[in-house]
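Please open the structure in your viewer and keep the sequence panel beside it, since each stop on this tour begins with something to select.

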Amino acid sequence: MEYDSFLDASGLLCPLPLLKTKKGLAELNSGQILCIKTTDPHASQDFELFCKQTGNHLLKQEVGQEFTLHWISRK
């Protein structure tokens with residue numbers, strides 16, 4: 001999936017990936033997509049809740065063996 005900006009939050013535990021994501025989304029325009037790479041095992045649930053609370057759109061999550069990618073569209 002294409003994206004406008006990429007954020008590597010590997011090695012960070014909650015809430016740091018969310019804080020970095022919030023900052024990354026603030027730098028984008030409405031409708032642009034941020035891709036975030038995480039290694040925190042709880043990140044998928046955290047990003048689902050984050051998007052529900054902020055109104056941003058969680059487009060996709062791709063879980064791999066070593067990391068997870070999340071695509072979020074800014075509201």
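**First stop: the paired strands**

Begin by selecting strand S2, residues 33–38, together with S4, and you will find that six bridges join these two strands, which run antiparallel. Before going further, please keep in mind that what you are looking at is a predicted model. Within this pairing, isoleucine 33 stands opposite serine 73 in S4.

Next, add strand S3, residues 57–63, to the selection: S3 is also joined to S4 by six bridges, and these two strands run antiparallel. Here you can look for leucine 58, which stands opposite isoleucine 72 in S4, and for histidine 57, whose bridge partner in S4 is serine 73. If you follow the chain from S3 into S4, you will pass through four residues that lie between the two strands, which form a hairpin.

**Second stop: strand S4 and its surroundings**

Now select S4 alone, residues 68–73, and show the side chains. How many of the six residues of S4 are buried? Six of the six are, so the strand is largely enclosed by the rest of the structure. Turning the view helps to show that both faces of S4 are covered, with Thr68, His70 and Ile72 buried on one side, and Leu69, Trp71 and Ser73 buried on the other.

Stay with serine 73, which is found in strand S4, and colour it separately. Serine 73 has a relative accessible area of 10%, and because buried means under 20%, it counts as buried. If you leave aside the neighbours within four places in sequence, the residues in contact with serine 73 are Gly31, Gln32, Ile33, Asn56, His57 and Leu59.

**Third stop: the aromatic pairs**

Select the aromatic rings next, where the structure holds two aromatic pairs. One of them is formed by tyrosine 3 and phenylalanine 6, whose rings are tilted, at 5.9 Å centre to centre and with 40° between the planes. Tyrosine 3 has a relative accessibility of 41% and therefore counts as partly exposed, while phenylalanine 6, with a relative accessible area of 40%, is partly exposed as well.

Another aromatic pair consists of phenylalanine 47 and phenylalanine 50, which are arranged edge-to-face, at 6.5 Å centre to centre and with 85° between the planes. Both of these phenylalanines lie in helix H2, residues 43–54, where they are three residues apart, or about one turn of the helix. Are these two rings buried or exposed? Phenylalanine 47 counts as buried at 0% relative accessibility, and phenylalanine 50 counts as buried at 10%.

**Fourth stop: a cis peptide bond**

Now move to cysteine 14 and proline 15 and display the backbone atoms between them, where a cis peptide bond joins the two residues, with omega at about 15°. As a point of comparison, most peptide bonds are trans. To place this bond in the fold, note that proline 15 lies in the loop between strand S1, residues 5–9, and helix H1, residues 16–26.

While you are in this part of the chain, select residues 7–31, where UniProt, in an unreviewed entry, places the feature "domain: UPF0033". Over these residues the chain is 44% helix and 12% strand, and the C-alpha atoms at the two ends are 17 Å apart.

**Last stop: the whole chain**

Finally, clear the selection and display the protein chain as a cartoon, in which you can look for two helices and four strands. What pattern does the chain follow when it is read along the sequence? The pattern is β-α-β-α-β-β. The radius of gyration is 11 Å, close to the 11 Å that the globule rule gives for 75 residues, so the protein chain is as compact as a globular protein of that length. The C-alpha atoms fill a box of roughly 30 × 25 × 15 Å, taken along the principal axes.

If you switch to a surface view, the protein chain exposes about 4800 Å², and carbon and sulfur atoms supply 50% of that area. Of the 75 residues, 36% count as buried. Among contacts between residues at least 6 apart in sequence, 63% join residues at least 24 apart.

Notes: Residues are numbered from 1 along each chain as its sequence is written. This is a predicted model: local features need pLDDT of at least 70, side-chain atom pairs count only at pLDDT 80 or more; totals for chains, interfaces and linings use all residues. Side-chain values use heavy atoms; hydrogens and water are left out. UniProt positions are given in the numbering used here, feature names are shortened, and annotations may be inferred rather than shown by experiment. Buried means under 20% relative accessible area, exposed over 50%, partly exposed in between (1.4 Å probe, protein chains only). Two strands pair if DSSP finds at least two bridges between them. The radius of gyration is taken over C-alpha atoms; the globule rule is 2.2 Å times the number of residues to the power 0.38. Contact means heavy atoms within 4.5 Å. Accessible areas come from the Shrake-Rupley method with a 1.4 Å probe; for residues, only the protein chains shown count as cover. Rings of Phe, Tyr and Trp (its six-membered ring) pair if their centres lie within 6.5 Å; planes under 30 degrees apart count as stacked, over 60 as edge-to-face and the rest as tilted.
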